[in-house]
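Work through the exercises below with the sequence and the three-dimensional structure at hand, and try each task before reading its solution.

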Amino acid sequence: MSRHLSLLTLSEISSASLSKIRLIATDMDGTLTRRGKFTPALLQALEDLAAADIKVLIVTGRSAGWVSGLSAIMPVAGAIAENGGLYFPPGNQKPVILTPIPDLAQHRQHLATTFENLQTKFPQIQESTDNRFRLTDWTFDVTGLRQDELQTLDYLCQQMGWGFTYSNVQCHIKPQGQDKAVGLLQVLREYLPQYSPEQIVTVGDSPNDESLFDRRYFPVSVGVANVLEYLNQLKYQPAYITTAAEGEGFCELSSYILQSLHISS
């Protein structure tokens, strides 16, 4: 089921298209990080983008608690956590829950029961260390799970009325219909309406970034090179692929965007 033929490298994007970019909506783990860490080059790229008035919005599967602290100290224009579940505006403002959940305590209990049901069939799965800091979803570690097992977990979650996705770090039990694109589109509509689709580039590396590659909503999308590992599992694929992987791929994209601004000025 290979659909690689339409993929282009970053060098094939026109400078005219890149020079229009004013907002980068990017995944974090495996996209901004390198082997799980932020590098000096990545932090410099974020500073350079900010200096050029290009906003960076993090769109991650990480927990509300984790993202709350991180987004406050990084040079970014806010963050979306839990795969579209919450939005943290810039400036330490109160987070906005994007997924309608009438009773959070009851919601968490339902998620816990669903996880326990999954453990009866997959006793090896372990709750993620950051799960206690989550509001809208429930996570367990993806390490050691085969592709067929991930497909089974997806099926079981759907049977119990939940959505399921995974990244290079975690598996997520989540409300059906909650994903990165839905959350991002809501944030763009309600908080960042000044940006047109042509001014936005979405960036990711994993199956939980798939919705960010949907060209109906995001015509300019980029996968860092490590996304190649998952391409055959993605319904939507990025329009462009970086040469470098992980955070170095993001820095590659940043350089192309900044160079295009220099060329057009």
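## Exercise 1: The enclosed space

In this predicted model, a search of the whole structure finds 1 cavity of 30 Å³ or more. Task: determine how much space lies in the largest cavity, which residues line it, and how they divide into nonpolar, polar and charged.

Solution. Begin with the volume: the largest cavity holds about 70 Å³ of space. Next, follow its lining along the sequence, which runs through Asp-27, Asp-29, Thr-60, Gly-61, Arg-62, Ser-167, Val-169, Gln-170, His-172, Lys-180 and Asn-208. Finally, sort these residues by character, which gives 1 nonpolar, 6 polar and 4 charged.

## Exercise 2: One residue of the cavity lining

Task: place Ser-167 in the chain, decide whether Ser-167 is buried or exposed, and list what Ser-167 touches beyond four places in sequence.

Solution. Ser-167 belongs to the loop between β8 and β9 (170–174). The relative accessibility of Ser-167 is 9%, and because the limit for a buried residue is under 20%, Ser-167 counts as buried. When residues up to four places away in sequence are left out, Ser-167 touches Val-142, His-172, Ser-206 and Asn-208. Within the local stretch, the side chain of Ser-167 also reaches the backbone nitrogen of Val-169, at 3.0 Å.

Now turn to the strands on either side of this loop. β8 and β9 run antiparallel and are joined by 4 bridges, and the hairpin that links them passes through 3 residues. Tyr-166 has Cys-171 in β9 as its bridge partner. Along β8, Gly-163 and Thr-165 point one way while Phe-164 and Tyr-166 point the other way, and all of them are buried.

## Exercise 3: The open space

Task: find which residues lie nearest the centre of the largest pocket, and which helices and strands each supply at least two residues of its lining.

Solution. The largest pocket contains about 580 Å³ of space. Its lining comprises 26 residues, and those nearest the centre are Asp-154, Phe-164, Thr-165, Pro-207 and Glu-210. At least two lining residues come from each of α5 (147–159), β8 (163–166) and α6 (180–190). By character, the lining of the largest pocket divides into 10 nonpolar, 9 polar and 7 charged residues.

## Exercise 4: A helix and what covers it

Task: name the buried residues of α6 and strands that cover them.

Solution. Reading along α6, the buried residues are Lys-180, Ala-181, Gly-183, Leu-184, Gln-186, Val-187 and Leu-188. The spacing of such a list can be read against a general rule: an α-helix has 3.6 residues a turn, so residues three or four places apart point the same way. The cover over the buried residues of α6 includes β2 (23–26), β3 (55–59), β4 (79–81), β5 (86–88) and β10. At the start of α6, a side-chain oxygen of Asp-179 comes to within 3.1 Å of the backbone nitrogen of Ala-181.

## Exercise 5: The sheet

Task: write out the order of the strands in the open sheet, and explain why one side of β1 and of β6 is left without a neighbour.

Solution. The open sheet is formed by 9 strands in the order β1-β12-β11-β10-β2-β3-β4-β5-β6, with mixed pairing. β1 (8–9) and β6 (96–97) stand at its edges, and each has a single partner strand, so one side of each lacks a neighbour in the sheet.

Two pairings can then be examined in detail. β2 and β3 pair in the parallel sense over 4 bridges, with Thr-26 opposite Ile-58 in β3. In β2, Leu-23 and Ala-25 point one way and Ile-24 and Thr-26 the other way, and all are buried. β10 (residues 200–204) and β11 (residues 221–223) also pair in the parallel sense, over 3 bridges, and here Gly-204 stands opposite Gly-223 in β11.

## Exercise 6: Backbone angles and a distant pair

Task: find where Arg-35 lies, and how far apart Lys-37 and Gly-247 are in sequence and in space.

Solution. Arg-35 lies in the loop between β2 and α2, and with a relative accessible area of 69% Arg-35 is exposed. Arg-35 is not a glycine, yet its phi is positive, at about 55°. Glu-246, in helix α7 (residues 246–264), likewise has a positive phi, of about 50°, without being a glycine. As background, most residues other than glycine have a negative phi.

Lys-37 is found in the loop between β2 and α2 (40–51), and at 59% relative accessibility Lys-37 counts as exposed. Lys-37 and Gly-247 are 210 residues apart in sequence, whereas their C-alpha atoms are 8.9 Å apart in space.

Notes
Residues are numbered from 1 along each chain as its sequence is written. This is a predicted model: local features need pLDDT of at least 70, side-chain atom pairs count only at pLDDT 80 or more; totals for chains, interfaces and linings use all residues. Side-chain values use heavy atoms; hydrogens and water are left out. Two strands pair if DSSP finds at least two bridges between them. On a 1 Å grid over the protein atoms alone, a cavity is a set of points where a 1.4 Å probe fits but cannot get out, and a pocket is an open set with protein on both sides within 12 Å along at least five of seven lines; lining residues have an atom within 4 Å of a point. Grid points are joined across faces, edges and corners, and a volume is the space filled by probe spheres set on the points. Ala, Val, Leu, Ile, Met, Phe, Trp, Tyr, Cys and Pro count as nonpolar, Asp, Glu, Lys and Arg as charged, and the others, Gly among them, as polar. Buried means under 20% relative accessible area, exposed over 50%, partly exposed in between (1.4 Å probe, protein chains only). Contact means heavy atoms within 4.5 Å. A polar contact is a pair of N or O atoms within 3.5 Å; within protein, one must be able to donate a hydrogen and the other to accept it, and residues adjacent in sequence count only if both atoms are side-chain atoms.
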